[in-house]
Amino acid sequence: MALEIGKIRNVGFAGHGGVGKTSLVESILFACGAVNRLGKVEDGTTTTDFDPDEIKRKISLNTSVAYCDWKGHRLNLVDTPGYGDFVADARGGLRVVGGAVIVVDGVAGVQVQTEKVWKFANEYSLPRMVMINRLDRERADFFRTLESLQKRLKGRLCPLQVPVGSEASFSGVVDLVAMKAYTTAGGKTTETDIPGELMDTAKSYREKLVEAVAETDDDLLAKYLEEGSLAEPEMVAALRKAIAAGALVPVLAASAARAIGVQPLLDLVVHEFPSPADQGEVDGIDPKSKSAAKRAPDPKAPLAALVFKTVTDPHVGKLSLFRVYSGTLKADSQVFNSTRETRERVGHIGWLQGKTQKPVESLGPGEIGVVAKLKDTLTGDTLCDEARPVVLPAIVFPEPSISFSIQPKSRGDEDKISTALHRMEEEDPTLHHHFDPETKQLLVSGIGQLHVEVTVERMKRKYNVDVTVLPPRIPYKETVKGRAEVQGKYKKQTGGRGQYGDVWLKVEPLQRGGGFEFVDDIFGGAVPRNYIPSVEKGVRECMKRGILAGYPIVDLKVSLYDGSYHDVDSSDMAFQIAASMGLQKGFMEARPCLLEPIMNVEVTAPAENAGDVIGDLNGRRGRIVGMEPEGEIVSVRAQAPMAEMLTYESTLRSMTGGRGGYSMEFSHYEEVPAHLAEKVVATAKAEKEKAEKH
Ligand SMILES: Nc1nc2c(ncn2[C@@H]2O[C@H](COP(=O)(O)OP(=O)(O)OP(=O)(O)O)[C@@H](O)[C@H]2O)c(=O)[nH]1
Ligand SMILES: [Mg+2]
């Protein structure tokens, strides 16, 4: 029997790294009786951080799913990673939920990845609540954190609770709708009256809440202004509507580790977040007619399900995590993968409790489940009824931004490495690898250094291949600053059939991010029509290989404006070569330069280290773009070249005695200063010569 759709709540947990998402999910599972022992991240015993690499590093690397039942409702909990290198996985997780709990730390407040997951939630128009967690810690402060939330996150954020006590004496929350306190002692939560000393605070924040709710509805606002208050049922109904529409984001208080605020959160999830039925129809495309197609959350409708995560399990092989949007998926059936246009056999299906599968016969709309051993299906694919196909929008993942070259430790492991990487790329859409024929290096690209390190460890553990990671290769690019008009002529006419191609090219820069533009300015057939694509191809091939230092050329406009040909000797190949020769010459005449990736960096450090942190960033050619004190911690935002940030981790650690943290992501490309560019060009030349010798 499939679950009753109105009783399902799919909830995502997202936020910056280490704020307590996994601990919160564990605490929820325990409160609901879904686990009988409360796991701890420190001990590697939580339900949703079960991967050996997660246990070893004590951070979440993957989105994982667990379920529990609360007051007659089924909650599917989607725990997403918050560390910068892995946060992209939260995109997949948030895609399939009906509401998100954005968790923030009660000391640090809004951090880089908080803003990132907030944007993901915006993209999917997700109703959300913000939970200020870890309020039992020293220096944690609900109201100061609230200010940072209201300042830095777009949306109408309003407390729905205020905390009872603070730091070590934090013991519960006051619900501002019911005007009741829920205090927790020894893991047990009980409803009590609001402590006398909190009454004034509670009343004043309730007033703010009522006002905020009223402001989401014109009729309600008129009534509120007239009568000065709102009736309870009206207020409750309007609150639910406002949250669902994203017009209001309630702010809550908690300590996941001490189970404070957990039961009140569960009641709110059940009352305030939409069920899959409330979420309504989902939009897709009919692959036959290419027109829009909708699918209703009806168990009898044709099947439509989306795979949002793929993992490989050493025992069972490939697992696909999916959400059913419409229709019913049955065990032992056949489905159609409309994204890849192939049939898939479905064997066992089930619910997921971390790594454990609970087999079920069927899964209805709104349910989240798992299926093993699909052949061709990858993350983002739609599974549906072949007779009524539909493709749901895919999930967009970021491109990798850093590349490391890797070498096998034992000879002859090259094939094993490439098989392992192919398999891992099926699981992880942010991982890529390719062989660079110029330098004869195998490059593994990921979001950051830790991402690549974890990949290499996995390769060893799961596929039994050991590799050495060499320092990363900065993904420089080449472009020009000036213009040039040049001839490229390729002529070989000695004996037999010759080769003849002759082009005149104009080379010009495009604005940053402009890519490539090819202009055909040939009049009167100086270059015959059928060879114009050959010229463009020759230019493109040459741009891929690079000219200055072997990096791809970007932001370039090339116009073909003259040339000549030979009736017999001209060929596709001859024009490609002529174009490539022309570009090489024109490029070098048009003031070539190198571009380097610039990163957005956010550093948090104890206030007394702020001066050192800023001085050091300046020394790394960084530009400070902002600095915000948050209590005894400062957060410094800067832009700095990737090439200067490779060794940052250890420097920051020693500068701050291990108390600083940072995150970094790609921002844009900028020109490399000339004296540094010379070094890069020289190194590239040496590498190329070395590779040619071997
Ligand atoms: N004092 C205190 N510590 C907490 C609380 N919640 C979590 N922690 C601790 O904070 C650390 C990080 O917790 P996690 O649950 O792994 O945080 P996370 O948000 O899942 O981290 P990532 O998934 O890696 O982004 C662990 O050491 C937890 O024990 C809390 O309410 N109070
Ligand atoms: Mg986690």
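This passage walks through the ligand site, the hollow spaces and a few single residues of a predicted model.

The ligand is a good place to start. Ligand 1 is surrounded by 21 residues, and the closest of them are S23, E42, S60, R134 and D136. Two of these residues also turn up in polar pairings with the ligand. In the side chain of E42, an N or O atom sits 2.4 Å from an oxygen atom of ligand 1. For D136, a polar side-chain atom is found 2.7 Å from a nitrogen atom of ligand 1. A256 joins in through its backbone instead, with an N or O atom 2.9 Å from an oxygen atom of the ligand. Taken on its own, ligand 1 has 640 Å² of accessible area, and the protein covers 87% of that. As for what the shell around ligand 1 is made of, the count by class is ten polar, six nonpolar and five charged residues. Helix 1, which spans residues 21-31, gives the largest share of this shell, namely three residues.

Next come the spaces that are open. The largest pocket takes up about 1400 Å³. Its lining has 48 residues, and those closest to the centre are Y83, T604, G660, G661 and Y662. Several elements put two or more residues into this lining: helix 4 (112-123), helix 12, strand 33 (592-606), helix 16 (648-655) and strand 36 (661-671). Strand 33 has the largest share, with six residues. Sorted by class, the lining of the largest pocket breaks down into 20 nonpolar, 15 polar and 13 charged residues.

The second largest pocket holds about 800 Å³ of space. It is lined by 26 residues, with S403, H434, L443, P475 and P552 closest to its centre. Here the elements that supply two or more lining residues are strand 24 (402-408), strand 25 (432-436), strand 26 (441-446), helix 13 (532-545) and, once more, strand 36. It is strand 25 that provides the largest share, four residues. The classes in this lining come out as twelve nonpolar, seven polar and seven charged residues.

What about spaces that are closed off? Searching the whole structure turns up two cavities of 30 Å³ or more. The largest cavity contains about 220 Å³ of space. Of the 18 residues that line this cavity, L61, N62, F86, D428 and H451 lie nearest its centre. Helix 11 (414-427) and helix 12 (449-463) each bring at least two residues to the lining. Helix 12 makes the largest contribution, with four residues. The lining of the largest cavity includes eight nonpolar, six charged and four polar residues.

Moving from spaces to the protein itself, helix 9 deserves a look. This helix runs over residues 262-272, and it is largely enclosed by the rest of the structure because eight of its eleven residues are buried. The buried ones are V262, P264, L265, L266, L268, V269, V270 and E272.

Another buried residue is E508, which belongs to strand 30 (residues 499-509). E508 has a relative accessibility of 12%, so it falls in the buried class. Its side chain pairs up with the side chain of R483 in a polar contact of 2.3 Å.

T328 is a case of in-between exposure. This residue is part of the loop that links strand 15 (317-326) and strand 16 (329-330), and its relative accessibility of 24% makes it partly exposed. In space, the C-alpha atoms of T328 and P302 are 7.7 Å apart, while in sequence the two residues are 26 residues apart.

Finally, two loop residues have backbone angles worth noting. K373, in the loop between strand 22 (368-372) and strand 23 (382-384), has a phi near 65 degrees, which is a positive value in a residue other than glycine. With a relative accessible area of 57%, K373 counts as exposed. N464 sits in the loop between helix 12 and strand 27 (467-473). Its phi is near 60 degrees, again positive in a residue other than glycine. N464 is exposed too, at a relative accessible area of 61%.

Technical notes: Residues numbered from 1 in each chain as written. Chains lettered and ligands numbered in written order. Predicted model: local features only at pLDDT ≥ 70, side-chain atom pairs only at ≥ 80, totals over all residues. Heavy atoms only, no water. 1 Å grid on protein atoms, 1.4 Å probe; cavity = no way out; pocket = protein on both sides within 12 Å on 5 of 7 lines; lining within 4 Å. Points joined across faces, edges and corners; volume = space filled by probe spheres on them. Nonpolar A, V, L, I, M, F, W, Y, C, P; charged D, E, K, R; others polar. Near = heavy atom within 4 Å. Polar contact = N/O pair within 3.5 Å; in protein donor to acceptor, adjacent residues only side chain to side chain. Areas by Shrake-Rupley, 256 points an atom, 1.4 Å probe, with all protein chains shown as cover. Buried < 20%, exposed > 50% of the residue type's maximum accessible area, 1.4 Å probe, protein only.
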